[in-house]
Amino acid sequence: MAPDATLHTLACTDLACRRGNRLLFTGVNLEVRSGRAVWLRGRNGRGKTSLLRLAAGLAVPESGRVSWGGVDVRRASVYAAVRVYIGHANALKEDLTVLESLQFLARLHGRAHDRASLRAALERVGMESRRDAPVRTLSQGQRRRATLARLALERQPALWILDEPYDALDVDGIDVVNRLLHEHLARGGSVLLTSHLPPGAGAPDMAEFDLDRFAP
Amino acid sequence: MNTLRWSTFAAPSRFYALVSAVNPWLWGLAIVLALAALYIGFFVAPVDATQGNSYRIIFIHVPAAWLSMVLYLAMAFWAAMGWMLNARMASMLARAIAPTGALFTFLALWTGSFWGKPTWGTWWVWDARLTSELILLFLYLGYIALVSSIDDVVRGDKAGAVLALVGAVNVPIIYFSVVWWNTLHQGATISATAAPKMAQTMLLAMLLMTLSFWAYAFAVVFTRAQALAVERERHTDWARSLAGKELQ
Amino acid sequence: MSAAFTAVYTRDLRLALRRRVEALLPVVFFIVAVSLFPVGVGPEPQTLRVIASGVVWVCALLASMLSVANLYAVDLLDGSLEQMLLSGHPPTLIASAKAAAHWTITGAPLVLAAPLIGLLLDMSPAALATLVAALLLGTPILSLLGGVGAALTLGLRSAGVLLILLILPLTIPALIFGSGAVGAVDSGISASGHFSLLGALLIFTALIAPLSTAMALRIALE
């Protein structure tokens with residue numbers, strides 16, 4: 001592979017993951033290159049979320065390694081800036097408003113956090129009108145949208161690691177996500193996501209990765 | 001069959017074999033040395049001028065106190081090794097040391113109490129050493145409580161390592177502060193070093209008792225570590241064949 | 001980098017302001033707990049004066065430990081903690097920010113409540129002033145150590161009680177120097193030795209605790 005190509009590639013090599021005393025999967029080899037999207041599928045309990053967490057660098061693999069640009073993700077200092085991880089949990093604080101929650105996350109991750117940018121991002125996900133509502137008053141779908149507004153703040157190509165991004169969203173919401181994904185991939189970003197339902201017609205082309213194959 | 005890579009449990013199985021070979025000797029040594037120490041301490045050493053016969057407890061109290069402190073450091077050391085080198089057996093060793101360390105701490109407190117009673121008339125005295133031993137007991141209990149509360153053994157091992165290290169770093173500070181506190185309040189002192197002239201025989205008894213405790217500690221910690229190894233590796237071939245042999 | 005510290009710190013403060021009553025519960029506990037002592041021990045002023053600094057310190061310890069148990073628990077549940085650890089900022093910085101926020105929300109109010117308590121326990125003005133100064137140095141130590149305990153016991157069932165068992169022994173030096181300072185002033189000697197030691201302890205804890213907390217957080221999330 002040309003040296004340039006590895007620079008913006010997530011590479012999982014011979015990855016194994018343990019939960020308690022069981023091995024969830026072994027020998028996983030997965031690559032996510034710039035401009036590509038990968039749909040991680042598998043039955044419940046196969047370790048999809050665990051794999052995403054390993055890819056993000058939150059967890060330590062039982063064996064194998066995860067690297068970004070050739071460097072182990074747990075050690076790569078550049079990784080934090082080019083990685084966006086949105087897990088099952090929304091990371092929104094119940095007592096803060098939508099705008100405040102988003103602002104905190106944007107500040108934390110070094111993204112634009114001025115009011116104008118945040119409002120524009122919320123507008124894209126259809127949550128601008130509820131920007132001053134406390135998160136605890138929102139429905140599940142609305143909270144998901146508010147979290148996904150983070151993606152609308154992104155400008156540079158990055159690796160998006162998304163755990164069930166379509167969860168709880170209505171048809172409009174799914175549309176919004178797909179549009180964000182299309183734009184992201186067009187500017188050279190990459191995506192690794194899970195979804196228990198197959199991505200619909202509006203979603204960008206995604207390579208399928210079936211985790212069921214790697215159960216021990 | 002969910003077996004892990006062979007190399008990750010080669011160490012525990014070798015450890016198991018090593019301990020099985022060595023332990024009988026350790027037990028034997030512990031018993032012999034203990035008997036010798038008890039004989040010398042109770043029958044051979046002379047009566048103390050100031051404290052009469054009650055001071056004889058010193059040669060159980062002091063070795064127990066020494067061991068309680070050394071074992072804590074050993075526990076912190078092995079926990080740290082297990083964490084940093086990803087060595088499972090080291091982490092198991094740390095877990096195995098904790099109950100024995102706690103036991104010796106309790107023994108030191110108990111014998112200290114026995115010593116205090118005839119000397120000061122009370123069953124407990126808040127002197128610097130006894131208070132430090134009490135705090136050490138709390139540190140041991142804290143470690144045991146933490147690692148038992150965490151279901152995931154790997155997380156338990158690592159969290160225990162952090163706790164043990166934080167404790168180890170704090171032990172000198174705690175001891176210093178307790179000594180400071182004690183001198184300010186001019187409490188009673190049970191000090192081994194204050195005993196005017198330690199009879200040679202007493203020192204010998206204390207030394208023998210210390211060695212005996214050491215041997216005992218090794219033996220019992222190793223046995224516990226063996227049990228931990230078999231339990232954690234119960235999915236592996238060597239552990240199963242072990243169980244198979246026992247059932248025959 | 002300090003942007004992350006400020007972001008986390010101000011967020012925690014803002015959250016506490018939205019739940020003012022809950023944020024002040026530790027102080028209420030503190031006052032109630034201290035008030036139990038005259039009832040239990042007897043209201044003679046001489047007795048109260050003798051036990052005052054010890055009682056205040058122990059109750060401050062307990063109030064601090066009780067409130068710190070949730071320092072990371074809610075963040076863990078809603079996913080904020082993951083985001084903080086993924087932000088690329090040193091986890092030590094995050095831990096420092098959380099401990100600083102805890103002190104501002106719980107520790108500082110305890111220090112402010114101390115004079116009231118001192119009156120309840122009939123402390124002399126000099127003793128009271130010493131107590132407040134000592135608590136000012138001591139309560140940050142409690143917040144820092146509490147952070148370590150909260151991170152170690154993150155997500156566990158009996159995290160609250162376990163945390164107290166783990167951390168209280170480590171707070172004993174602060175208790176000895178802090179309470180001893182008041183005792184010294186009461187006996188007419190200078191408390192400067194106590195304060196120096198307390199200050200040194202604070203610096204030492206500030207160096208060790210956030211690092212230990214950070215390690216414990218990573219372990220808890222693995």
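## A right-handed unit in chain A

In this predicted model, β7(A), helix α7 (residues 171-186) of chain A and β8(A) come together as a right-handed β-α-β unit. The two strands of that unit also pair with each other: strand β7 (residues 159-163) of chain A runs parallel to β8(A), with five bridges between them. If you want to find the pairing on screen, look for L159(A), which sits opposite S190(A) of β8(A), and for L162(A), whose bridge partner in β8(A) is L193(A).

The helix of the unit, α7(A), lies across β3, β7 and β8 of chain A. Its direction is at about 145° to β8(A).

## Strand β8(A), covered on both faces

Is strand β8 (residues 190-194) of chain A mostly covered or mostly open? Mostly covered: five of its five residues are buried. For a residue to count as buried here, 20 or more other C-beta atoms have to lie within 10 Å of its own.

The cover is there on both faces of β8(A). One side carries S190(A), L192(A) and T194(A), the other V191(A) and L193(A), and they are all buried.

β8(A) has a partner in β3(A) as well as in β7(A). Strand β3 (residues 37-41) of chain A runs parallel to β8(A) and is joined to it by four bridges. Here W39(A) is the residue to look for, as it stands opposite L193(A). So much for the strand itself; next comes the sheet around it.

## The five-stranded sheet

Step back from β8(A) and you get an open sheet of five strands in chain A, in the order β6-β7-β8-β3-β9, with parallel pairing. β6 (83-86) and β9 (207-210) of chain A are the edge strands; each has a single partner strand, so one side of each goes without a neighbour in the sheet. From one strand to the next, the twist averages 15°.

A second helix to look at is α2 (residues 48-56) of chain A, which packs on the sheet and touches β3, β6, β7 and β8 of chain A. The direction of α2(A) makes about 155° with that of β7(A).

## Chain A as a whole

Zooming out, chain A has seven helices and nine strands. Its radius of gyration is 17 Å, close to the 17 Å that the globule rule gives for 216 residues, so chain A is as compact as a globular protein of that length. The C-alpha atoms fit in a box of roughly 45 × 35 × 35 Å along the principal axes.

Buried residues account for 46% of the 216 residues in chain A. Take the contacts in chain A with a separation of 6 or more, and 72% of them are between residues 24 or more positions apart.

## Chain C, built from helices

Chain C has nine helices and zero strands, so to speak a plain run of α-α-α-α-α-α-α-α-α along the sequence. The radius of gyration of chain C is 18 Å, close to the 17 Å from the globule rule for 222 residues, so chain C is as compact as a globular protein of that length. Along the principal axes, its C-alpha atoms fill a box of roughly 55 × 35 × 30 Å.

Of the 222 residues in chain C, 55% count as buried. Among contacts in chain C between residues at least 6 apart in sequence, those joining residues at least 24 apart make up 82%.

## Where chain A meets chain C

How many residues of chain A are in contact with chain C? There are 20, and they touch 20 residues of chain C. On the chain A side, the elements giving two or more residues are α3 (79-82) and α4 (98-108) of chain A. α4(A) gives the largest share, four residues. By type, the chain A side divides into 14 nonpolar, three polar and three charged residues.

## Where chain B meets chain C

Chain C also touches chain B, in a contact that takes 23 residues from chain B and 22 residues from chain C. On the chain B side, α4 (128-149) and α5 (153-185) of chain B are the elements that give two or more residues. The largest share comes from α5(B), with 14 residues. The chain B side divides into 17 nonpolar, four polar and two charged residues.

Conventions: Residues are numbered from 1 along each chain as its sequence is written. Chains are lettered from A and ligands numbered from 1 in the order in which they are written. This is a predicted model: local features need pLDDT of at least 70, side-chain atom pairs count only at pLDDT 80 or more; totals for chains, interfaces and linings use all residues. Two residues are in contact if their C-beta atoms, placed from the backbone, lie within 7 Å. Ala, Val, Leu, Ile, Met, Phe, Trp, Tyr, Cys and Pro count as nonpolar, Asp, Glu, Lys and Arg as charged, and the others, Gly among them, as polar. A residue is buried if 20 or more other C-beta atoms lie within 10 Å of its own, exposed if 12 or fewer, and partly exposed in between; C-beta atoms are placed from the backbone. Two strands pair if DSSP finds at least two bridges between them. A crossover is right-handed if, with the strands pointing away from the viewer, the path from the first strand over the helix to the second runs clockwise. Axes are lines fitted to C-alpha atoms, for helices over the stretch in contact, and angles run from 0 to 180 degrees between N-to-C directions. The radius of gyration is taken over C-alpha atoms; the globule rule is 2.2 Å times the number of residues to the power 0.38.
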